[in-house]
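Grab a pencil and work through the exercises below at your own pace. Each one sets a task and then walks through a solution step by step.

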Amino acid sequence: MLRKGITESFGAAIHALSATQLTDGVINRSKRMMLDTLGVGLLGTRTAVFNKALKYSQLFQGEEKSSVWGKSQISLPPHYAAFVNGIAVHSMDFDDTWHPATHPSGAVLPAVLALAEALPSRPSGLELLLAFNIGIEVQGRLMRFSREAYNIPERFHPPSVVGVMGSAAASAKLLGLSPAQCSHALAVAASSAGAPLANAATQTKPLHIGNAARRGLEAAQLAQMGLEGNSAILDYGFGVYYKDYNPSAMADSGAGGFKWILEDQDVAFKRIPAHLGMHWVVDAALAARTKFESTAGDFDLNQIRHVTLRVPPSKYIDCPLPATEHQARHSFQFNACSALLDDKVTVASFSTAQINRPALRELLSKVKVETPGDNQPSFDKMYCEVEIENYQGQSYTARCDTFYGHWRKPLSHEDLVEKFMVNASTVLCSEGVEGLIDAIGNIEREEECSSLGSYLRMTT
């Protein structure tokens, strides 16, 4: 038997993987990912970037209609619903993060939910769960073909590279494409991959997720119609994004050699709506503040001479004086100072009023950043250290190696559900919130997944 090429092996696996191969561990982890993604997406429907994208998308209409999350009276063609819902998920940088570094869920869940609503025969909850996991798996496989991908990204935003491939794979599975069509869906999607990190910390960054969801879905639909691409796209053509790209074939799902990456590598869930790196510096700042207060009493800005942050090198999250919410979400300095001043960082911390308050600006002027040689730019190896020095020469230092919510220290089920409820209840009524918790919790037993769309439209 001839050995399959890389792309061919991916197409074959996408087609052949079945729900019986989903393990309890993968089911539980992916349901947590889905619930969290719906929550941050619903919260994101209140943002300016989402509403601009929605206004644009409403210019386009079609026979097929899919739900816009948190909007009881609005529906869009499936690929535009995937687009705006994907933007909502990443609009506040509150969505999950995997290792190697990417946001895996936001590009996949909006695509499969939008597609599921438009299919003549609605898929079951288990079929939706399988498609979602295939979309996650493809992203994980592609990221592991490069050592460069294990570090905090420098050139391309990873969801724009691998997210569109995950969306295409998940959509191809729901559409029931043949192995060859699945391979072509990946090839078509690859031509929509890639967005520069130069657009991080701007309103355009959430479009990376929305575009990935939309373009992946479109790629699968085009492949279904017979459109073809390079049948060896993953064998060599994907290396444009990673200089050390070294792919390998996906294991034959029917030969007993297949294992889900999610089985061994959990995701990180964020407690604050900001870039993942901010979680280390916030936890270190809170611990340093506690040490300061235990000796000096209340945290008095007038007592602070310097604040030193020891963080990994990364240009796009080193923002000394953020002027917008998106810059603030990507600023070690802002998040450390917010934590020091307020003893917390929340959704409200990124409002214009909070960003521009004089006390914060004064504290930011006292911050200096150091990048120790041993502090690696990797979400699996980095640390953050915060040192507060007062005018008496006393120093108070705290370090965070692993924040609560990281894959090494995962959020409890109770805290994950609480995060979802807080986020979702800003948009949905209590019936919608509770309905989504129950539907996701039992999704593998749902005969069809249409209830999700109904709950997502139950606004307050």
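## Exercise 1: The second largest cavity

The second largest cavity has a lining made up of Trp69, Leu113, Ala116, Glu117, Arg122, Cys449, Ser450, Leu452, Gly453 and Leu456. Keep in mind that you're looking at a predicted model.

**Task.** Work out which elements give two or more residues to this lining, and which classes its residues fall into.

**Solution.**
- Step 1: Match the lining residues to elements. H5 and helix H18, which covers 450-456, are the elements that give two or more residues to the lining of the second largest cavity.
- Step 2: Look for the largest share. It comes from H18, with four residues.
- Step 3: Sort by class. The lining of the second largest cavity has six nonpolar, two polar and two charged residues.
- Step 4: Add the volume. About 80 Å³ of space lies in the second largest cavity.

## Exercise 2: The largest cavity

**Task.** Say how many cavities of 30 Å³ or more the structure holds, then describe the largest cavity.

**Solution.**
- Step 1: Start with the count. There are three cavities of 30 Å³ or more in the structure.
- Step 2: Turn to the largest cavity, which has about 100 Å³ of space.
- Step 3: Check what surrounds that space. The largest cavity has 15 lining residues, and His103, His157, His275, Tyr316 and Phe379 lie nearest its centre.
- Step 4: Sort the lining by class. For the largest cavity you get seven nonpolar, five polar and three charged residues.

## Exercise 3: The largest pocket

**Task.** Find out which element gives the largest share of the lining of the largest pocket.

**Solution.**
- Step 1: Get the volume. The largest pocket holds about 340 Å³ of space.
- Step 2: Find the residues around its centre. The lining of the largest pocket has 19 residues, and the closest to the centre are Phe94, Lys270, Arg271, Ile272 and Lys419.
- Step 3: Look at the elements. Helix H11 (277-296) and helix H16 (413-424) are the ones that give two or more residues to this lining.
- Step 4: Pick the largest share. That's H16, with five residues.
- Step 5: Finish with the classes. The lining of the largest pocket divides into 11 nonpolar, three polar and five charged residues.

## Exercise 4: A pair of helices

**Task.** Decide how H3 runs relative to H4: roughly parallel or roughly antiparallel?

**Solution.**
- Step 1: Take the geometry. Helix H3 (residues 48-57) packs against helix H4 (residues 78-90) at an angle of about 170°, and their axes are 9 Å apart.
- Step 2: Compare that angle with the cut-off. Angles over 145 degrees count as roughly antiparallel, so H3 is roughly antiparallel to H4.
- Step 3: Name the partners. On H3, the contact uses Val49, Phe50, Ala53, Leu54, Tyr56 and Ser57, while H4 brings Tyr80, Phe83, Val84, Ile87 and Ala88.
- Step 4: Sort them. The contact of H3 with H4 has 10 nonpolar residues, one polar and no charged.

## Exercise 5: Backbone oddities

**Task.** Look at aspartate 93 and alanine 201. What is the phi of aspartate 93, and what is the phi of alanine 201? Then find the bond that joins histidine 99 and proline 100.

**Solution.**
- Step 1: Aspartate 93 sits in the loop between H4 and H5. Phi of aspartate 93 is near 55°, a positive value in a residue other than glycine.
- Step 2: Alanine 201 belongs to the loop between helix H8 (179-190) and helix H9 (205-224). Its phi is positive too, near 65°.
- Step 3: Check burial. Buried means under 20% relative accessible area, so aspartate 93 at 3% counts as buried, and alanine 201 at 15% counts as buried.
- Step 4: Move to histidine 99 and proline 100. A cis peptide bond joins them, with omega about 0°. Proline 100 lies in the loop between H4 and helix H5 (109-118).

## Exercise 6: Serine 9

**Task.** Is serine 9 buried or exposed, and which residues does serine 9 touch?

**Solution.**
- Step 1: Place serine 9 in helix H1 (residues 6-16).
- Step 2: Read its accessibility. Serine 9 has 4% relative accessibility, so it counts as buried.
- Step 3: List the contacts. Leaving out residues up to four places away in sequence, serine 9 touches Lys4, Ala249 and Met250.

Definitions and conventions
Residues are numbered from 1 along each chain as its sequence is written. This is a predicted model: local features need pLDDT of at least 70, side-chain atom pairs count only at pLDDT 80 or more; totals for chains, interfaces and linings use all residues. Side-chain values use heavy atoms; hydrogens and water are left out. Axes are lines fitted to C-alpha atoms, for helices over the stretch in contact, and angles run from 0 to 180 degrees between N-to-C directions. Angles under 35 degrees count as roughly parallel, over 145 as roughly antiparallel, 65 to 115 as roughly perpendicular and the rest as oblique. Contact means heavy atoms within 4.5 Å. Ala, Val, Leu, Ile, Met, Phe, Trp, Tyr, Cys and Pro count as nonpolar, Asp, Glu, Lys and Arg as charged, and the others, Gly among them, as polar. On a 1 Å grid over the protein atoms alone, a cavity is a set of points where a 1.4 Å probe fits but cannot get out, and a pocket is an open set with protein on both sides within 12 Å along at least five of seven lines; lining residues have an atom within 4 Å of a point. Grid points are joined across faces, edges and corners, and a volume is the space filled by probe spheres set on the points. Buried means under 20% relative accessible area, exposed over 50%, partly exposed in between (1.4 Å probe, protein chains only).
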